[in-house]
Structure formats: structure tokens, C-alpha cells
Amino acid sequence: MPFHSVPIEPKIRGRERKELAEALRGLRRASGLSGERLAIRCNMSQTKISRIETGRALPSVLDVERILKALAVPDEVSDELLVLARRANVDYASWRAYARVGLYHKQTELKALESSSRVMRHFLPAIPTGLLHVREYAVETLTPTVASDPARDVVRAVQARIDRQAILDDTSRSFWFLLTEQAVKWQRVSPGAMAAQCAHMAEVNRKPNIEIGIVPQGVQVPGTPMNIFVVYDDRLVTVELFSGEVVLRDPRDITQHLHLFDLFWSHALTGDAASAFLNETSEAFMRQRN
């Protein structure tokens, strides 16, 4: 099952993609090149060129750059089309839209995306991700908290989230979870549940295909942890906001987020040190409970 999101203003987004396809087709025809010749110049298949020009396939920004270079398009026209390509490669989905169709569907989409990826990097400056949740923590994070939150089937969404966690046992996939100390210690649930959550993460960190890193508060880091994001292979990035989720497919955006992940990871506790930190935090919450 492919990953789908709800684009910003669907009519506008669809029109932008149609305009991009029509512009590329028009430029190719104006150059006098056949689709086959252009495909050769771009080192693409003729089928891919055809799908791009008819709007059946969304080209990446790099695809558009290769086509424009092959067609020797003037810089001012090229710049305009590259802006259009970048806009077409960004999607937005609101949590309200997901709630309308059932928030558990979001868990199904995430499961499909994880199943089609080999390496996943989660940057978590605010809260652990659902793949690391114990049930009580999942219930609390999926329950509406303010009046403007959309209603949702919490029980079904929680079960879907717990079911997703089976993929962590698939050793053909690698998971990197990078948390800040605040994300670990932010008391989202009772002290007892927090203790269980931290102990669970320490246990997960023992899996051979999983690495958990924690950036401690006392370390100087030359960067600001602004958003939760996940990088799936080198294909796309999802960025979480209070209101929804942005999906980025531009290779430049993906590269930037990979570099950011590496920067923060270089300042993190990892391996046994991360596990020790999680176990110590779990014990501290246990003492708080008592």
C-alpha cells in the first residue's frame, strides 16, 4: 500500500503538477526532440519521460533539472520551472483530515511506508515516536488534549500503533532513533508509566538493528532541534507540526535533513551509554512514583 497524504489545497496542488507536465512537454516539442531522444540525453527510460509529460508521474526536482539541461532551457525559464517542481514535491496532511477517515488509517500508512524502507532515521526532540511507545504512553499521546483536537477512535489507533512495532524485529531494516534529553524526560504520563516507557526504550536499544541516541542537555550543540522529522532511506522526509505533517521529496531537502541528523547524532549518547541513561531515568521516575 503506497503512502498517501492530503495535499495543501488539492485543486491548486493538482494544477501545479499539471502545469509542470505541460511545460516540460511543450519545451521538449519546441526543441524538436522526440521523447526517445530526450530520454537518451537524460539517461531515463522513454516510458518515464512519457509518464512525466502526461502527468501520470511526478518528477523529482533532479529529474526536472536533467530534462531542462538536456533541452538547453534558458536560465530564467529553468529557474521558474524548478520553483514549480519544488512546490509540486511538497505535500501537507492535517491531523484533522486523518481523523475524519480514522486515525488508525495513519498507522496503516506508516506501516506501509516502513515496510517499503530499509533505513529509517527518526529525529525526536519533543517526544518518543510511536514505534517506541508502551501502551499507556500510546493511549495518552493519541487522546485529544485541547478542545480544537479532532475526535478519534483512540482504542483502534492505539492497537494499530502497537501492531506496527512488530517491524522492529525485522533485522533486514535499520532504525535510528535520536532523542533529546527533554524528549525522554517530558512527563506525558504518570511516573509509573514514564518509568515503563524509559525501561522499554532501553530494552529496544538492545536489538541488533536498532540504535537509540540521546542528546543530553549539558552538551553544547551547534544546531537547534526545531521539528520532529523522519527520513525514509533517501526517498522522502516527513516533518511533524502541531496541526499536521509535511512530506518532502526534493533530494536537497532530504540531504539537508540527513546532514542535520548526523550533526545531532554526533553529540548524542549511544550504545550502552544511552541504555544506561534510559535505565537511570526509569529508576528516577520509579522513585518519584513511590
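Angles of 65 to 115 degrees between two helix axes count as roughly perpendicular. In this predicted model, the axes of helix 2 and helix 4 cross at roughly 110° and come within 9 Å. That angle falls inside the range, so helix 2 and helix 4 are roughly perpendicular to each other. Their crossing is right-handed. On the helix 2 side, the contact is made by Leu38, Arg41 and Cys42, and on the helix 4 side by Arg66, Ile67 and Ala70.

Helix 2, which covers residues 35–42, also packs against helix 3, at an angle of about 110° and with the axes 8 Å apart. Here too the pair is roughly perpendicular, because the angle lies between 65 and 115 degrees. Helix 2 passes helix 3 in a right-handed crossing. The residues that meet are Gly35, Glu36, Leu38 and Ala39 from helix 2, and Gln46, Ile49 and Glu53 from helix 3. Leu38 turns up in this list and in the contact with helix 4 as well.

Between helix 3 (46–53) and helix 4 (61–70) comes a loop, and Leu58 sits in it. Is Leu58 buried, exposed or partly exposed? Its relative accessibility is 34%, so Leu58 counts as partly exposed. Setting aside neighbours within four places in sequence, Leu58 is in contact with Arg17, Ala88 and Asn89. Leu58 and Ala85 are 27 residues apart in sequence, while their C-alpha atoms are 8.8 Å apart in space.

Now for the chain as a whole. It has 13 helices and seven strands, and its C-alpha atoms fill a box of roughly 80 × 40 × 30 Å along the principal axes. Of its 290 residues, 48% count as buried. Looking at contacts between residues at least 6 apart in sequence, 75% join residues at least 24 apart.

In soluble globular proteins, nonpolar side chains tend to be buried together. In this chain, the largest nonpolar core has 35 residues, and Phe175, Phe177, Leu179 and Ile212 are those with the most contacts inside it. Which elements supply at least two residues each to this core? The helices are helix 7 (103–115), helix 10 (181–185), helix 11 (191–204) and helix 13 (271–289), and the strands are strand 2 (119–124), strand 3 (174–180), strand 4 (210–215) and strand 5 (228–232). Helix 11 gives the most to the core, with seven residues. A second, separate core has 20 residues, including Leu24, Leu33, Leu68 and Leu82.

Phe177 gives a good look at the bigger core's surroundings, since its contact list can be read off directly. Leaving aside neighbours within four places in sequence, Phe177 is in contact with His122, Leu124, Thr129, Leu131, Leu132, Leu168, Ile210, Glu211, Ile212, Gly213 and Trp265.

Two polar residues come next. Glu114 is in helix 7, and with a relative accessible area of 1% it is under the 20% cut-off, so Glu114 is buried. Its side chain is joined to that of Arg164 by a polar contact of 2.5 Å. Beyond the four nearest places in sequence, Glu114 is in contact with Met120, Leu131, Arg164, Ile167, Arg173 and Tyr232.

Asn209 is found in the loop between helix 11 and strand 4. Is Asn209 buried or exposed? With 8% relative accessibility, Asn209 counts as buried. Its side chain reaches the backbone oxygen of Leu168 at 3.1 Å. Apart from neighbours within four places in sequence, Asn209 is in contact with Leu168, Asp170, Thr171, Arg173, Ser174 and Phe175. Arg173 appears here and among the contacts of Glu114.

One more helix pair rounds off the picture. Helix 8 (residues 135–142) and helix 9 (residues 154–164) have axes that come within 9 Å and cross at roughly 130°. That angle makes helix 8 oblique to helix 9. The crossing of helix 8 and helix 9 is right-handed. Helix 8 brings Arg135, Ala138, Val139, Thr141 and Leu142 to the contact, and helix 9 brings Val154, Ala157, Val158, Gln159, Arg161 and Ile162.

Definitions and conventions:
Residues are numbered from 1 along each chain as its sequence is written. This is a predicted model: local features need pLDDT of at least 70, side-chain atom pairs count only at pLDDT 80 or more; totals for chains, interfaces and linings use all residues. Side-chain values use heavy atoms; hydrogens and water are left out. A nonpolar core is a set of buried Ala, Val, Leu, Ile, Met, Phe, Trp, Tyr and Cys residues joined through side-chain atoms within 4.5 Å. Buried means under 20% relative accessible area, exposed over 50%, partly exposed in between (1.4 Å probe, protein chains only). Helices (H or I, at least four residues) and strands (E, at least two) are DSSP runs, numbered from the N terminus. Contact means heavy atoms within 4.5 Å. A polar contact is a pair of N or O atoms within 3.5 Å; within protein, one must be able to donate a hydrogen and the other to accept it, and residues adjacent in sequence count only if both atoms are side-chain atoms. Axes are lines fitted to C-alpha atoms, for helices over the stretch in contact, and angles run from 0 to 180 degrees between N-to-C directions. Angles under 35 degrees count as roughly parallel, over 145 as roughly antiparallel, 65 to 115 as roughly perpendicular and the rest as oblique. A crossing is left-handed if the near helix is turned anticlockwise from the far one by less than a right angle, and right-handed if clockwise.
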